[in-house]
Amino acid sequence: MSVLIDRIGELFTADPAHGVLEDAAVVLDGDRVAWVGPRSRAPEADERLDADGRAVVPGFVDSHAHLVFAGDRSAEFAARMAGEPYTGGGIRTTVAATREASDETLRANVARLTAEMLRQGTTTWEIKSGYGLTVADEARSLRIAGEFTAETTYLGAHTVPFGADADAYTALACGPMLDACAPHAKWVDVFCEKGAFDGDQARAVLTAGVAKGLLPRIHANQLTAGPGVRLAVELDAASADHCTHLTDEDVEALAASSTVATLLPGAEFSTRSPYPDARRLIDTGAAVALATDCNPGSSYTSSMAFCVALAVREMGMTPAEALTAATAGGAAALRRDDIGRIAVGARADLAVLAAPSCVHLAYRPGTPLIEAVVHGGTRVT
Ligand code: NIG
Ligand code: FE
């Protein structure tokens, strides 16, 4: 069945061929976009949806989220706001709660968060393991993640569990744990950071994952300017995530690569840290994505619009750059070309805003502007 979305005030396609169109229309056919252009030339369709001058944007692509967990760390957040630093040490608190939880509890948590995302205009989400840290708990996390997305990421190397030796744990993450998880994962990730995994350990995990058919991505340069970004480029990782502390060499390496710099400003907000310098990355020629990093510790937001607002207010991005990073950028960070843009042949994933232009996403922060969401051609809100 075809649907004409008519009288779109501003159509932000995130597609270079179409750019931003005013007084536009879109035709969806099944789960795909069939036509994009000025409304005066729109073809007929079985059904018509009147956008009445509102803006329409691609569904957000949240390419970085940790949704399989139990418990919350609101006390840790309150302590941080009172001056405690963020070190990543709280990951172990969530690991303990996650191991204790039943499959049903974990599944319900993922269902709650993905429903939250969808209501807020996110139509693709990546989901990582990383709060199990045993062979059985990591495999279970990925099995549950796979019920909600095809973009599943093995993050057994999220932190070294309490009492374990880092090299011995790295060997586990490269061996039996990977063997159990690889059938349920598309991606392999590692937290390359002081206090987590160093450059050699991170390389070992990613190359072991690649040898098992997984694709690499990495938590890099979040708390310190370590070797993560250069490792990402060396391994042609789809994405280097966080990129908060970058040297000039890191920025140049990203710009010369096909690795996307995925910025996660919810983490800087919630850990009261300096934001990454998006302007410097873009001006040097690096590809940039925005994602929520949704997790109970460093960034407990599921709102891509909030990340867009932070990127504009705090990171030197224009509203159009931020929205592109939250849609087409996320798609590039997942090496997908069927999502993140409104163009003929792309998936019919889009959001209608309760606003006349996409600038309002940053201009009206914290306001529920997502009025309607179409996911795979089906109107879900
Ligand atoms: O991306 N940095 C590592 N992992 C998460 C935080 C996890 C947590 O604090 O529970 C992140 O920020
Ligand atoms: Fe993360």
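**Buried loops, two domains and a bent helix**

With 27 C-beta neighbours inside 10 Å, Glu 126 clears the threshold of 20 and so counts as buried. That holds for a predicted model, as does everything below. Glu 126 sits in a loop, with β7 (122–125) on one side and β8 (127–128) on the other. Leaving out neighbours within four places in sequence, Glu 126 makes contact with Asp 62, Ser 63, His 64 and Ala 65, and also with Thr 149, Glu 151, Thr 153 and Leu 334. Leu 231 is another matter: 105 residues from Glu 126 along the chain, it has its C-alpha atom 21 Å from that of Glu 126.

Val 68 is another loop residue, placed between β6 (60–62) and α1 (74–81). Val 68 has 30 other C-beta atoms within 10 Å, and since 20 are enough, it is buried. Once residues up to four places away in sequence are set aside, Val 68 touches Leu 106, Val 110, Ile 127, Ser 129, Tyr 131, Ser 141, Ile 144 and Ala 145. Between the C-alpha atoms of Val 68 and Arg 272 there are 24 Å, for a pair 204 residues apart along the chain.

Zooming out, the chain splits into domain 1, made up of 2–58 + 341–379, and domain 2, covering 60–333. Their C-alpha centres are 30 Å apart. Where the two meet, 16 residues of domain 1 are in contact with 17 residues of domain 2. On the domain 1 side, the elements giving two or more residues are β5, α14 (360–363) and β17 (370–375). The most comes from β17, with three residues. Sorted by class, this side of domain 1 has 13 nonpolar residues, one polar and two charged.

Next comes α13. This helix runs over residues 319–333, and its 15 residues at 1.5 Å each should span 21 Å; the end C-alpha atoms turn out to be 19 Å apart, which agrees. The helix isn't straight, though: α13 bends by about 40 degrees at Ala 325. Because 13 of its 15 residues are buried, α13 is largely enclosed by the rest of the structure. Just after the helix, Arg 335 takes a positive phi of about 50 degrees.

A negative phi is what most residues other than glycine have. Two aspartates also go the other way. Asp 23 has a positive phi near 50 degrees and belongs to strand β2 (residues 20–29). With 13 other C-beta atoms within 10 Å, Asp 23 has too many to be exposed (12 or fewer) and too few to be buried (20 or more), so it is partly exposed. Asp 52 likewise has a positive phi near 50 degrees, but its setting is a loop, the one between β4 (47–50) and β5 (55–58). Asp 52 has 11 other C-beta atoms within 10 Å, so it falls under the limit of 12 or fewer and is exposed.

That leaves the ligand site. There are 14 residues around ligand 1, and those that come nearest are Ile 91, Phe 191, Asn 295, Gly 297 and Ser 298. By class, the shell around ligand 1 breaks down into nine polar residues, four nonpolar and one charged.

Terms used:
Residues numbered from 1 in each chain as written. Chains lettered and ligands numbered in written order. Predicted model: local features only at pLDDT ≥ 70, side-chain atom pairs only at ≥ 80, totals over all residues. Helix = DSSP H or I, 4+ residues; strand = E, 2+ residues; numbered from the N terminus. Expected span 1.5 Å × (residues − 1). Bend = angle between axes of the 7 residues up to and from the residue. Near = placed C-beta within 6 Å. Nonpolar A, V, L, I, M, F, W, Y, C, P; charged D, E, K, R; others polar. Domains from an automatic or database assignment. Contact = placed C-beta atoms within 7 Å.
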